[in-house]
Amino acid sequence: MTTSRHIVAILMTEQPSGDRRPGTAKQLDDQRYARLKEEAIAPYRGLRKFVYFAFGASGLIGAFIFLTQILAGRDVEAALPNLGLQIGIVALMVWLFRWEGRTHKK
């Protein structure tokens, strides 16, 4: 009776007929294993970083709009708190993006 490990070991030793370089399949498998292990440790990291970037860009656009509204002198009482909120969102997204990168390096 063969186990799945034994089958995987057999498949790993076989290389395509066109590629006879030693260690190529193992090196590819090691890279794939490292990538899968990283994804298992922190799933959806790429998606989270995209969301941080998208929300940060949205906050930056909103901050620009409210800043121009304040500079034009239109409805400053309502625009000032909104500008503060947009700046806070941008700061939070930058912090989360950096924190995600820091945890990735560990």
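**Entry 1: confidence**

I began with the confidence of this predicted model. The mean pLDDT of the protein chain is 80, and 74% of its residues reach 70 or more. I then looked at which elements sit at the two ends of the scale. Helix H1, residues 4-13, has the lowest mean pLDDT among the elements, at 49. Helix H3, residues 45-72, has the highest, at 95. Where pLDDT is low, the predicted coordinates should not be read in detail. I therefore leave the coordinates of low-pLDDT parts unread in detail.

**Entry 2: overall make-up**

I looked up the secondary structure and found 4 helices and 0 strands. Along the sequence the pattern reads α-α-α-α. The protein chain has 106 residues, and 15% of them count as buried. I noted an exposed area of about 8800 Å² for the protein chain, with carbon and sulfur atoms supplying 66% of it. For contacts between residues at least 6 apart in sequence, I found that 50% join residues at least 24 apart.

**Entry 3: helix H3**

How many residues does H3 have, and how far does it reach from its first C-alpha to its last? I read 28 residues and a reach of 40 Å. That is close to the 40 Å expected at 1.5 Å a residue.

I listed the buried residues of H3 next. They are Arg45, Tyr52, Gly56, Gly59, Gly62, Ala63, Phe66 and Ile70. Three glycines are in that list: Gly56, Gly59 and Gly62.

Phenylalanine 50 is also found in helix H3. I checked its cover: at 55% relative accessibility, phenylalanine 50 counts as exposed, because the cut-off for exposed is over 50%.

**Entry 4: the ends of H3 and its loops**

Before H3, I looked at tyrosine 44, which lies in the loop between helix H2 (24-41) and H3. Its phi is near 65°, a positive value in a residue other than glycine. Most residues other than glycine have a negative phi. Tyrosine 44 is exposed, with a relative accessible area of 57%.

After H3 comes glycine 73, whose phi is positive, near 80°. Further on I found aspartate 75 in the loop between H3 and H4. Aspartate 75 is not a glycine, and its phi is positive too, near 50°. Is aspartate 75 exposed or partly exposed? With a relative accessible area of 45%, aspartate 75 is partly exposed.

**Entry 5: the tryptophans of H4**

I searched for aromatic pairs and the count came to 1. Tryptophan 95 and tryptophan 99 form this pair, and it is stacked. Their ring centres are 5.9 Å apart, with 5° between the planes. The planes count as stacked because the cut-off is under 30 degrees.

Where do the two tryptophans lie relative to each other in helix H4? They are 4 residues apart in H4 (residues 76-105), so about one helical turn separates tryptophan 95 from tryptophan 99. I looked up how covered each one is. Tryptophan 95 has 47% relative accessibility and counts as partly exposed. Tryptophan 99 has 40% relative accessibility and also counts as partly exposed.

**Entry 6: links across the sequence**

I then looked at phenylalanine 97. The charged end of lysine 49 sits over the ring of phenylalanine 97, 4.7 Å from its centre. Phenylalanine 97 came up again with phenylalanine 50: the two are 47 residues apart along the chain, and their C-alpha atoms are separated by 9.0 Å.

The last residue I looked up was glycine 84, placed in helix H4. Glycine 84 is partly exposed, with a relative accessible area of 40%. I set it beside phenylalanine 66, which is one of the buried residues of H3. Glycine 84 and phenylalanine 66 are 18 residues apart along the chain, and 9.2 Å separates their C-alpha atoms.

Notes:
Residues are numbered from 1 along each chain as its sequence is written. This is a predicted model: local features need pLDDT of at least 70, side-chain atom pairs count only at pLDDT 80 or more; totals for chains, interfaces and linings use all residues. Side-chain values use heavy atoms; hydrogens and water are left out. pLDDT is the predictor's confidence in each residue, from 0 to 100. Rings of Phe, Tyr and Trp (its six-membered ring) pair if their centres lie within 6.5 Å; planes under 30 degrees apart count as stacked, over 60 as edge-to-face and the rest as tilted. Buried means under 20% relative accessible area, exposed over 50%, partly exposed in between (1.4 Å probe, protein chains only). A charge sits over a ring if NZ of Lys or CZ of Arg is within 6 Å of the ring centre and within 35 degrees of the ring normal. The expected span of a helix is 1.5 Å times one less than its number of residues. Contact means heavy atoms within 4.5 Å. Accessible areas come from the Shrake-Rupley method with a 1.4 Å probe; for residues, only the protein chains shown count as cover.
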